[in-house]
Amino acid sequence: MTQPMADGSVLQVSVLARQRLALGVGSEVAYFTDTHAFIPGSVVRGALAAAWIAEHGPPAAGSSKAVEFRHLFDGHIRYGPLHVTGSSRVPVSAWLCKYPKDESCARQAADAAFEEAATCPACGGPMEQGKGQVLLPAGTGLDRITRTSIDPATAKAKDGELYAHAALPADTTLGGFIYGRDEWLEQPRSLRLGGRRTVGGAADYQAALAGHRAEEPWGGGPFLVIRLTGPAVFVDAAGRPRLDPDPDLDLGGLQVTEAWARPVTWSGWHAASRLPKPEEICATAGSTYRISGPEGDLRALAERLPREGAGLRRVEGFGDIHIVMAPWRPPAAETPEATGASTDNAIREWHQRIQAFGLDPRQLRWVVGALRALQLDREFPASDTTARKSFADEWLERPAAEEFSGRQRDQLRELFAVPDQQVLRDLTTVLLADLPAAAAAGEEAR
C-alpha cells in the first residue's frame, strides 16, 4: 500500500482538456447555465477519486484499500485549483476604470492592498472594484452549447424546453498544484472533469514533483498580503460563517487589518453517495487580506498558509492561498501580430529541436504519423477514456518507437503535450517537407 507523504512536497499538475469542460456554477432560473473559467480543487479531488475507484473498485470498510483511499482523499493531501495557462484573476482588492475609452484606459488598475485607488489615471473617470472574475488569455473563450428537447410525436423541438450551457473549450491546458505526494498521484491518466460527462469532460492528467514550495518565499515587511486562489470556508469560534480568516483558528493569533472580500454560495455533488453536498457561504476566489503583526510571525504564516491553506473543508479543495508580493496589474493585451509571431516561433523552435535529434527518414515518418494521429485524437476523442493511457504512452510503447533514445522520448512527450493545434498542423507540414521526395510522396498518398 502506498502512503502519502506529509513532507511538504508539492506536485505540479497539468491537465489538457480533450473535450469541453462544463464546470457549472449551479442551477439557475434561466435556461442558461454558466461555467467556472477554472477547475476548482474540489473538482480535481473528485475526478481523481473517481479514477481511483475505477482502477481499484469501491473501498470496502476496514480493508487496506479503504485506508489508502482515506489517506489520498481524506488525509493531509490538499488539491488546489487549476487555472487556464495564461489566464489572470481580477482580485477583489483591484480597482479598474469603469468606462474605459481605449486600450490604455482599460489597462489601468490600482490594487488597494498596496496603493490608493481613486480615479482612473488615464481618463479621470470612476473606478470599479474587481469581483474575482477570471480573464482568459487572448484566443481562448468559453464555448456556448445550446440544445432542445424533441417531441417524439412531432419530431420537432418542444416549446419552452431550450437549454444552454457554457464550457471551457477542448485543447485548453490548465495547471496548478497538489500539496502532498503519493506515487499514485504522480502517474499520468485520463480523467473526467465537471458535469455532462457523457458528452464531455475527458482530460489528460499529468503531475510531477515541483519541490517543497509552489512560490517564492515572502520578502518580509510590516504586513503580509494573502489572496484566495479558490473559494474558502471561514467561520468564527462559534461556527458562524465569515468572509475573512479567523485570527485564532487560521492565523495563529495575527489580525486581518483590512479585507477585500465578496461572498459566494458554493454547492457540490458527492458522486459516491449520489447526494448533494451542503451549501456553504464562502469568500470568493480573489478575496484579499492584509495581515499585520511581528515580522517573524508573519514569515512563519507566509510559509504555512500556501502549504496548508485556511478555513474549513481544506481537504475538499477549499481555502487555497497565494502570498502576494506586488500590486496586481491587468495582463498585457496580445495583438494578432504578436499571436502569429508566437506561433511561428514555436514552430521554428520545435523544427530545430527535431532536426537536432538526427532522425533517419523512417523515424521522421513515425513522428509525422504520430503528429497526425494526435491531431485527429484531439479533434475526435474517444467516448470512453476511463482506463485509457495517454497518447504519448500509447505511441511510445509501440514497437516502432523502440529505437528512440530516452532523451528523444522525453522530447517527444513534451511535443505531444503542445496544446496549440495550429502549431502541430504547421509543424507536421514542415517535417513532411524534410522527408526525402519518395517518402514524402508516400506520406501524401496516405
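Helix 5 (336–355) is the biggest giver to the lining of the second largest pocket, handing over six residues (helices here are DSSP runs of H or I with at least four residues, strands are runs of E with at least two, and both are numbered from the N terminus). This is a predicted model, in which local features need pLDDT of at least 70 and side-chain atom pairs count only at pLDDT 80 or more, while totals for chains, interfaces and linings use all residues. Residues are numbered from 1 along each chain as its sequence is written, and side-chain values use heavy atoms, with hydrogens and water left out.

The second largest pocket comes out at about 1,400 Å³. Of its 46 lining residues, Thr85, Asp171, Thr173, Pro419 and Asp420 sit closest to the centre. Besides helix 5, elements that put two or more residues into the lining include strand 1 (5–17), strand 14 (202–211), helix 6 (361–379), helix 7 (391–396), helix 8 (406–416) and helix 9 (421–434). Sorted by class, the lining holds 22 nonpolar, 14 polar and ten charged residues (Ala, Val, Leu, Ile, Met, Phe, Trp, Tyr, Cys and Pro count as nonpolar, Asp, Glu, Lys and Arg as charged, and the others, Gly among them, as polar). On the grid side, a 1 Å grid is laid over the protein atoms alone; a pocket is an open set of points with protein on both sides within 12 Å along at least five of seven lines, a cavity is a set where a 1.4 Å probe fits but cannot get out, and lining residues have an atom within 4 Å of a point. Points are joined across faces, edges and corners, and a volume is the space filled by probe spheres set on them.

Asp171, one of the residues closest to the pocket centre, also has an unusual backbone entry: its phi is positive, about 75°, although Asp171 is not a glycine. Asp171 belongs to the loop between strand 11 (156–167) and strand 12 (173–181). Arg313 is another non-glycine residue with a positive phi, near 55°, and lies in the loop between helix 4 (295–308) and strand 22 (321–324).

Helix 6, which helps line the pocket, also packs against two other lining helices. With helix 8, the axes come within 11 Å and cross at roughly 30° (axes are lines fitted to C-alpha atoms, for helices over the stretch in contact, and angles run from 0 to 180 degrees between N-to-C directions). Helix 6 and helix 8 are therefore roughly parallel (under 35 degrees counts as roughly parallel, over 145 as roughly antiparallel, 65 to 115 as roughly perpendicular and the rest as oblique). Their crossing is right-handed (the near helix is turned clockwise from the far one by less than a right angle; anticlockwise would be left-handed). Trp366, Val367, Ala370, Leu371, Leu374 and Arg378 of helix 6 meet Leu412, Leu415 and Phe416 of helix 8, with contact meaning heavy atoms within 4.5 Å. That makes eight nonpolar, no polar and one charged residues.

With helix 9, the angle is about 155° and the axes are 10 Å apart, which makes helix 6 roughly antiparallel to helix 9. This crossing is left-handed. The contact residues split into nine nonpolar, three polar and four charged.

Helix 1 (41–56) and helix 2 (64–73) have axes that come within 11 Å and cross at roughly 165°, so helix 1 is roughly antiparallel to helix 2. The crossing is right-handed. Arg45, Leu48, Ala49, Trp52, Ile53 and His56 of helix 1 touch Lys65, Glu68, Phe69, Leu72 and Phe73 of helix 2, giving seven nonpolar, one polar and three charged residues.

As for enclosed space, the structure holds two cavities of 30 Å³ or more. The second largest cavity has a volume of about 50 Å³, and its lining has six nonpolar, four polar and no charged residues. Among them are Phe38, Pro40, Trp266 and Phe318.
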